[in-house]
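Reader: I would like to go through the labels on this structure and hear the reasoning behind each. Could we take them one at a time?

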Amino acid sequence: MRPFHEFATACLVAIAAASPLVAAECGNDAAGFNAWKPAFAAEAVAAGVGQKGLDALASAKYASSTISADRNQKSFKYSLSKFMQVRGAETIVAQGRKRKARDAQFYKSIEARFGVPAGVIIAIHGMETAFGGFMGDTSVVSAITTLTYDCRRSDFFEPHAIGALKLVDAGAITGTTKGAKHGELGHTQFLPGNALRFGVDGNGDGRVDFYNQSDALASTANFLRQKGWQPGVGYQEGQANFNVIKQWNAAGVYQKAIALMAARIDG
């Protein structure tokens with residue numbers, strides 16, 4: 001007897017192959033998610049997703065906790081001082097300075113390669129996962145496909161769902177890899193489409209692993225550089241590189257917090 005997930009994938013692909021390519025219809029609750037997957041599979045195949053990625057899509061579950069989190073992002077509505085207090089800015093700065101001193105050569109190599117100073121990378125690392133202390137407890141594929149199915153921001157999340165499936169194809173993640181509630185993954189919580197596009201090998205082992213600190217931090221610096229980071233130029237609000245920090249996270253309070261913490265870490 002064939003394992004259920006193989007049977008489900010075969011059915012999903014067969015339905016997708018037999019159907020004309022039309023946009024998968026979104027929904028606002030779990031009821032339509034399984035019916036949505038074959039239509040999205042057709043889009044995924046057209047985008048170049050392979051069998052491993054399709055297997056992961058077939059096994060994806062509707063992530064109710066992701067939808068709840070998406071509807072309840074209170075911290076980004078705080079004042080800057082409250083946000084920094086809640087997110088532990090003082091701890092991030094204190095630990096960040098220690099990390100910069102302890103791994104000085106690594107951070108110097110990052111700046112030499114990408115032009116991004118240590119403080120910025122360390123502040124993002126601390127803010128996103130407490131320096132890798134907690135990288136999430138939700139299936140990346142389930143979360144990102146749920147958000148793509150959900151009508152609220154389907155267009156935004158669709159390329160990241162395709163990216164997640166391609167990361168599965170590449171062996172960078174699996175269908176069960178855990179990340180944050182919105183499908184962000186690894187030490188600095190890359191959205192999957194960005195991980196696929198900007199991921200680089202930071203430790204020289206020939207592969208990109210976002211759950212490896214060196215790879216994740218190098219990839220973060222690469223993201224910022226590719227988004228327009230100017231080496232040697234300031235990154236506080238009103239300076240040119242602050243506009244690049246905006247590309248990492250759309251919340252103004254987050255952007256300001258990163259710039260302030262980074263400056264204190266860089267000293």
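Reader: Why is E237 called exposed?

Author: This is a predicted model, and in it E237 has a relative accessibility of 54%. The label exposed applies over 50%, so E237 counts as exposed. E237 is found in the loop between α12 and α13 (242–248).

Reader: What makes K256 a contact of E237?

Author: Contact means heavy atoms within 4.5 Å, and E237 meets that condition with F242 and K256, leaving aside neighbours within four places in sequence. The C-alpha atoms of E237 and K256 are 6.8 Å apart, while in sequence the two are 19 residues apart. The 6.8 Å runs from C-alpha to C-alpha, whereas the contact cut-off is applied to heavy atoms.

Reader: Happy with that. Why is Q213 called partly exposed?

Author: Partly exposed is the label between the buried limit of 20% and the exposed limit of 50%. Q213 has a relative accessible area of 22%, so partly exposed is the right label. Q213 belongs to helix α12 and is in contact with R99, Y107, H125 and H187, neighbours within four places in sequence left aside. From Q213 to T188 the C-alpha distance is 8.8 Å, with their positions 25 residues apart in sequence.

Reader: H125 brings us to a helix pair. How are α8 and α12 placed relative to each other?

Author: Helix α8 (residues 118–129) packs with helix α12 (residues 213–226) at an angle of about 120 degrees, and their axes are 10 Å apart. The crossing is right-handed. From α8, the residues V120, I121, I124 and H125 meet Q213, L217, T220, A221 and L224 of α12. By type, this contact has six nonpolar residues, three polar and no charged.

Reader: L224 is in that list. What makes L224 stand out in the largest nonpolar core?

Author: Its contacts do: L224 and M261 are the residues with the most contacts inside that core, which has 71 residues. Helix α14 (residues 252–266) gives the largest share of the core, eight residues. Leaving out residues up to four places away in sequence, L224 touches V116, V120, I121, I124, W229 and V244.

Reader: Now the cysteines. How do you know that C26 and C151 form a disulfide?

Author: By the distance between their sulfur atoms, which is 2.0 Å. The cut-off is 2.5 Å, so the pair qualifies as a disulfide. A search of the whole structure finds one disulfide. The linked parts of the chain are distant: C26 lies in the loop between α1 (4–18) and α2 (33–46), and C151 in the loop between α9 and α10, 125 residues apart.

Reader: Why is this disulfide called right-handed?

Author: The torsion about the S-S bond of C26 and C151 is about 95 degrees, and therefore the disulfide is right-handed.

Reader: Are the two cysteines buried, partly exposed or exposed?

Author: C26 has a relative accessible area of 32% and C151 one of 30%. Both values fall between 20% and 50%, so both cysteines are partly exposed.

Reader: What makes D150 buried?

Author: Buried means under 20%, and D150 has a relative accessible area of 1%, so D150 is buried. D150 sits in the loop between α9 (140–149) and α10 (154–170). Beyond residues up to four places away in sequence, D150 touches C26, G27, N28, I67 and R71.

Reader: Why is α9 described as largely enclosed?

Author: Because 10 of the 10 residues of α9 are buried, the helix is largely enclosed by the rest of the structure. Among them are V140, I144, L147 and Y149.

Reader: One last topic, the backbone. What makes F131 and Q189 unusual?

Author: Most residues other than glycine have a negative phi. F131 has a positive phi of about 60 degrees although it is not a glycine, and Q189 likewise has a positive phi of about 60 degrees without being a glycine. F131 lies in the loop between α8 and β1 (138–139), and Q189 in the loop between β2 (178–179) and α11 (192–198). With relative accessibilities of 8% for F131 and 10% for Q189, each is under the 20% limit, so both count as buried.

Definitions and conventions:
Residues numbered from 1 in each chain as written. Predicted model: local features only at pLDDT ≥ 70, side-chain atom pairs only at ≥ 80, totals over all residues. Heavy atoms only, no water. Helix = DSSP H or I, 4+ residues; strand = E, 2+ residues; numbered from the N terminus. Buried < 20%, exposed > 50% of the residue type's maximum accessible area, 1.4 Å probe, protein only. Core = buried A, V, L, I, M, F, W, Y, C linked by side-chain atoms within 4.5 Å. Axes fitted to C-alpha atoms, helices over the stretch in contact; angles between N-to-C directions. Left-handed = near helix turned anticlockwise from the far one by under 90°. Nonpolar A, V, L, I, M, F, W, Y, C, P; charged D, E, K, R; others polar.
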